[in-house]
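Here are my notes for a colleague who is opening this entry for the first time. Please keep the sequence and the structure side by side while reading.

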Amino acid sequence: MLYYIREYDDTPMEDEAVAEIEQSAEQQAQKKELEALLEIYKDVFRAELPEQLPPKRTVDHRIDTGDSAPVNTNAYPLSAQQLKEQLKQIHDLLEKGLIRESSSPWGSPVLFVRKPNDTWRMCVDYRAVNTLTKKNGYPLPRIQECLDQLGRASHLAKLDLTSGYWQIRMVDEDISKTAFNTRYGKYEFLVMPFGLTNAPATFQTLVNNILRPFLDKFVVVYLDDITIYSNGFTEHMQHIKQVLKVLRQHQLYAQPHKCKFNQAEIQFCGHIVGNGLVKVMENKIEAIQK
């Protein structure tokens, strides 16, 4: 039997190798601390909304059409596949209590748009209602100002609210104006539907009001995207904790698989930001490059 004796190497480790090991250990410790924090606030993260209406808040959605007469447009013709999908989605919305049957004099048609994952999005065509609606002039944030803030940060987190618009109630007197016509009857939304002209302004108002103490200090809000920015890990954990605490308090929920924490870079409005850099995402300028 042969034995091979390996010569012991007492050469000191290179500085870069030591630094790499220390960095890896630090990253593992940070990961555990982050996981412990998210476990405490796990009730804030939901892939699906609770099967109940959101609470009434100071900001519920209104559709101010003045003295305009109701508009009522017949249902659009749909393919057999789309009709089947419509039945399924209506059933799901009824089960969650987000819509109810309606006898409203208002009515908008429904169409379907294919999503990137090859499923269908049911969209209500509210263009006729939007034409009659008085516009809300509440300003959305300027993207350039947001980029300037985020680009300097070293630690970034991003929260995407689950079906964000459906987390806001309609005011009772305007529920009838959300009615939509289908081959299988008429329904109306009890929560704010997608496609209404002032929906983005209402949503921005709600989230700004809730997170106002943090805005431009360590939070940027653009519609249903909440971005947290910090200059150190310990500070970042405190900032995340403060935001999650407020979301829990107001019963707002975030989509787990779309949220990211303790990132050096994130995507924001078609840009990559972080670590002192701001650059346009390649797929956004691909057509121009070609």
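The points below go from the whole chain to its cores, sheets, hairpins and salt bridges.

1. **The model and its make-up.** This is a predicted model. The chain holds seven helices and twelve strands. Of its 290 residues, 44% count as buried. The exposed surface comes to about 17200 Å². Carbon and sulfur atoms supply 50% of that area.

2. **Contacts along the chain.** Take the contacts with a separation of 6 or more. Residues 24 or more positions apart account for 76% of them.

3. **The largest nonpolar core.** This core has 61 residues. Which members touch the most others? They are Leu159, Leu211 and Ile226. Helix 6, residues 233-249, gives the most to this core, with seven residues. In general, nonpolar side chains in soluble globular proteins tend to be buried together.

4. **Leucine 211 in detail.** Leave out residues up to four places away in sequence. Leucine 211 then touches Val219, Val221, Ile226, Val243 and Val246. Ile226 is itself among the residues that touch the most other members of the largest core.

5. **A second core.** Another core lies apart from the largest one. It has twelve residues. Among them are Leu150, Ala153, Tyr222 and Leu223.

6. **A three-stranded sheet.** Look next at the open sheet with the strand order 1-6-5. Its pairing is antiparallel. Why is one side of strand 1 and of strand 5 left without a neighbour in the sheet? Strand 1 (99-101) and strand 5 (180-182) stand at the edges, and each has a single partner strand, so one side of each stays free of a sheet neighbour. From one strand to the next, the twist averages 35°.

7. **Strands 5 and 6.** Strand 6 spans residues 185-189. Three bridges join strand 5 to strand 6, and the two run antiparallel. Here threonine 182 stands opposite glycine 185 of strand 6.

8. **The helix across the sheet.** Which helix lies across strand 1, strand 5 and strand 6? Helix 2 does, with residues 80-96. Helix 2 runs at about 105° to strand 1.

9. **The hairpin of strands 2 and 3.** Strand 2 covers residues 110-114 and strand 3 covers residues 120-124. They pair in the antiparallel sense over five bridges. Leucine 111 stands opposite cysteine 123 in strand 3. This hairpin has five residues between the strands. In it, aspartate 118 takes a positive phi near 75°.

10. **The hairpin of strands 10 and 11.** Strand 10 (residues 266-268) pairs with strand 11 over three bridges, in the antiparallel sense. Phenylalanine 268 stands opposite histidine 271 in strand 11. Two residues lie between the strands of this hairpin. Cysteine 269 takes a positive phi near 50° there.

11. **Strand 11, face by face.** Are the faces of strand 11 buried or exposed? Both are covered. His271 and Val273 are buried on one side, and Ile272 and Gly274 are buried on the other. Strand 11 covers residues 271-274.

12. **Salt bridge from helix 6.** The whole structure has nine salt bridges. One of them joins arginine 248 to aspartate 43, with the closest N and O atoms 2.8 Å apart. Arginine 248 lies in helix 6, and aspartate 43 sits in the loop between helix 1 (15-40) and helix 2, so the pair ties together parts that are 205 residues apart in sequence. Arginine 248 is partly exposed, at 34% relative accessible area. Aspartate 43 is partly exposed as well, at 38%.

13. **Two more salt bridges.** Glutamate 48 and lysine 96 meet through their side chains at 2.8 Å, N to O. Glutamate 48 lies in the loop between helix 1 and helix 2, and lysine 96 lies in helix 2, so this pair links parts that are 48 residues apart in sequence. Glutamate 48 is partly exposed, at 49% relative accessibility. Arginine 62 and glutamate 173 also form a salt bridge, at 2.9 Å, N to O. Arginine 62 is in the loop between helix 1 and helix 2, and glutamate 173 is in the loop between strand 4 (155-160) and strand 5, so parts 111 residues apart in sequence are tied together. Glutamate 173 is exposed, with a relative accessible area of 51%.

Conventions
Residues numbered from 1 in each chain as written. Predicted model: local features only at pLDDT ≥ 70, side-chain atom pairs only at ≥ 80, totals over all residues. Heavy atoms only, no water. Core = buried A, V, L, I, M, F, W, Y, C linked by side-chain atoms within 4.5 Å. Buried < 20%, exposed > 50% of the residue type's maximum accessible area, 1.4 Å probe, protein only. Helix = DSSP H or I, 4+ residues; strand = E, 2+ residues; numbered from the N terminus. Contact = heavy atoms within 4.5 Å. Pairing = 2+ DSSP bridges. Axes fitted to C-alpha atoms, helices over the stretch in contact; angles between N-to-C directions. Salt bridge = Lys/Arg side-chain N within 4 Å of Asp/Glu carboxyl O. Areas by Shrake-Rupley, 256 points an atom, 1.4 Å probe, with all protein chains shown as cover.
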